[in-house]
Amino acid sequence: MRKHLVGIAVLTALCAAPAHAQKPLALELGGFGQFNLFDKNLDLDNSVTVGGRASLHLFKRLWAEGDIQYGKTDWAIPGGTTKSLTLRPWAARLVYAPKLAEKTSLLIGGGYQQSVYIGRTEQVTAQLASKNEYEDTFTGLIGLKQCLNEKWSLRGDIVGVYAPSPNQNSTSGTLDGTASNYGLRAGLGYMANG
C-alpha cells in the first residue's frame with residue numbers, strides 16, 4: 001500500500017511539472033507612457049511618448065522583451081529655428097526579475113535600442129540634405145513590477161539610453177560624440193498565457 005501511495009505521489013508530481021513548466025513560455029503584453037529627458041547635446045525638447053511592450057518569459061525570473069514608442073518633440077536647428085520630429089524608438093532587452101515580496105519584483109534589464117528621430121534632416125545645399133534619423137544605442141532599465149492578480153500587473157521603470165556613435169549637434173553643426181538620454185516609464189501588463 002505504501003508503494004502505491006509513493007507511486008501516486010510521484011505520478012502527481014510529474015503531471016504537475018508540465019503545468020509549472022509552461023510559465024517559462026508565458027507571453028505578457030503591456031502598454032506604457034514615458035517622459036523622456038534628452039541629452040542637451042541633441043538639442044531636443046523633453047517629451048512624452050506612448051508605447052507597447054511584449055515579453056516572452058524564458059525562465060522563471062528571466063524574460064526577453066521588446067517595446068516600441070511613439071511621440072513628438074521639437075529640434076533646435078541652426079539659425080534659431082525649430083523643427084518637429086517624430087520619435088519612434090524600438091528596443092530589445094533581457095530582463096531579470098528577482099522577487100522582493102509576494103507580489104513585487106525588482107526589474108533589471110539591458111539590451112539594444114534603435115533610436116529613431118524621423119525628420120532630423122538638415123538641408124546642407126539646394127541639392128544635398130544631411131540625415132541623422134537613426135542611432136544605434138545601448139539601453140538599460142531598473143524598475144518595479146507589482147502583480148495585481150494572476151493576469152494583470154503594474155510596472156514602473158527608469159530607462160537609460162546611451163548612444164556611443166557620433167550625434168549631429170545641430171547648434172554647432174559638428175559630430176560631437178556620445179549622448180545619454182533617460183526616461184521615466186509607467187504602464188500596465190497583461191499575461192496572455194501561462
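This note walks through a predicted model of one protein chain, point by point.

1. **Overall make-up.** Start with the elements. The protein chain has 14 strands and one helix. It runs to 194 residues, and 37% of them count as buried. Now look at the contacts with a separation of 6 or more. Residues 24 or more positions apart account for 56% of these.

2. **The largest nonpolar core.** Which residues make up the largest nonpolar core? There are nine: Phe38, Leu42, Leu44, Trp75, Leu85, Leu87, Tyr117, Ala163 and Ala179. Find Leu85 on the model. Leaving aside neighbours within four places in sequence, Leu85 is in contact with Leu44, Trp75 and Tyr117, among others. Those three partners are also members of the largest core. The contacts of Leu85 include Gly71, Lys72 and Thr73 as well. Ile118, Gly119 and Arg120 are on the list too.

3. **A second core.** Another core lies apart from the largest one. It has seven residues, among them Val95, Ala97, Leu107 and Val161.

4. **The largest pocket.** Next, the open space. The largest pocket has a volume of about 790 Å³. It is lined by 27 residues, and the closest to its centre are Lys23, Arg61, Cys147, Glu150 and Met191. Which elements give two or more residues to this lining? They are strands E2 (47-59), E6 (99-101), E7 (104-118), E10 (134-147), E11 (152-163) and E14 (179-191). By class, the pocket lining has ten charged, ten nonpolar and seven polar residues.

5. **Cavities in the model.** How many cavities of 30 Å³ or more does the structure hold? There are three. The largest cavity has a volume of about 160 Å³. Of its 17 lining residues, the closest to the centre are Gln34, Asn36, Phe38, Pro89 and Gln113. Phe38 also appears in the largest nonpolar core.

6. **What lines the largest cavity.** Four strands, E1, E7, E11 and E14, each supply at least two lining residues. E7 gives the most, with four residues. The class count is worth a look: nine nonpolar, eight polar and no charged residues line the largest cavity. In the lining of the largest pocket, by contrast, there are ten charged residues.

7. **Gln113, by the largest cavity.** Gln113 lies in strand E7. Is Gln113 buried or exposed? Its relative accessibility is 5%, so Gln113 counts as buried. The side chain of Gln113 has a polar partner: a polar contact of 3.2 Å joins it to the side chain of Ser115. Beyond the neighbours within four places in sequence, Gln113 is in contact with Pro89, Trp90 and Ala91, among others. The list also includes Glu135, Asp136, Thr137 and Thr139. Val161 is another contact of Gln113, and Val161 belongs to the seven-residue core.

8. **The second largest cavity.** This one holds about 50 Å³ of space. Its lining is Glu28, Leu29, Gly30, Arg53, Ser55, Ser153, Arg155, Leu188 and Gly189. E1, E2, E11 and E14 each supply at least two of these residues. E1 gives the most, with three. By class, two lining residues are nonpolar, four are polar and three are charged.

9. **Ser55, in the lining of the second largest cavity.** Ser55 is found in strand E2. Its relative accessibility is 2%, so Ser55 counts as buried. Which side chain makes a polar contact with the side chain of Ser55? It is that of Glu65, at 3.3 Å. Not counting residues up to four places away in sequence, Ser55 touches Ala26, Leu27 and Glu28. Trp63, Ala64 and Glu65 are touched as well. Of these, Glu28 is also in the lining of the second largest cavity.

10. **A backbone detail at Asp43.** Asp43 is found in the loop between strand E1 (27-37) and E2. Asp43 is not a glycine, yet it has a positive phi of about 55°. Is Asp43 buried or exposed? The cut-off for buried is under 20% relative accessible area. Asp43 has 18% relative accessibility, so it counts as buried.

Terms used. Residues are numbered from 1 along each chain as its sequence is written. This is a predicted model: local features need pLDDT of at least 70, side-chain atom pairs count only at pLDDT 80 or more; totals for chains, interfaces and linings use all residues. Side-chain values use heavy atoms; hydrogens and water are left out. On a 1 Å grid over the protein atoms alone, a cavity is a set of points where a 1.4 Å probe fits but cannot get out, and a pocket is an open set with protein on both sides within 12 Å along at least five of seven lines; lining residues have an atom within 4 Å of a point. Grid points are joined across faces, edges and corners, and a volume is the space filled by probe spheres set on the points. Ala, Val, Leu, Ile, Met, Phe, Trp, Tyr, Cys and Pro count as nonpolar, Asp, Glu, Lys and Arg as charged, and the others, Gly among them, as polar. Buried means under 20% relative accessible area, exposed over 50%, partly exposed in between (1.4 Å probe, protein chains only). A polar contact is a pair of N or O atoms within 3.5 Å; within protein, one must be able to donate a hydrogen and the other to accept it, and residues adjacent in sequence count only if both atoms are side-chain atoms. Contact means heavy atoms within 4.5 Å. A nonpolar core is a set of buried Ala, Val, Leu, Ile, Met, Phe, Trp, Tyr and Cys residues joined through side-chain atoms within 4.5 Å.
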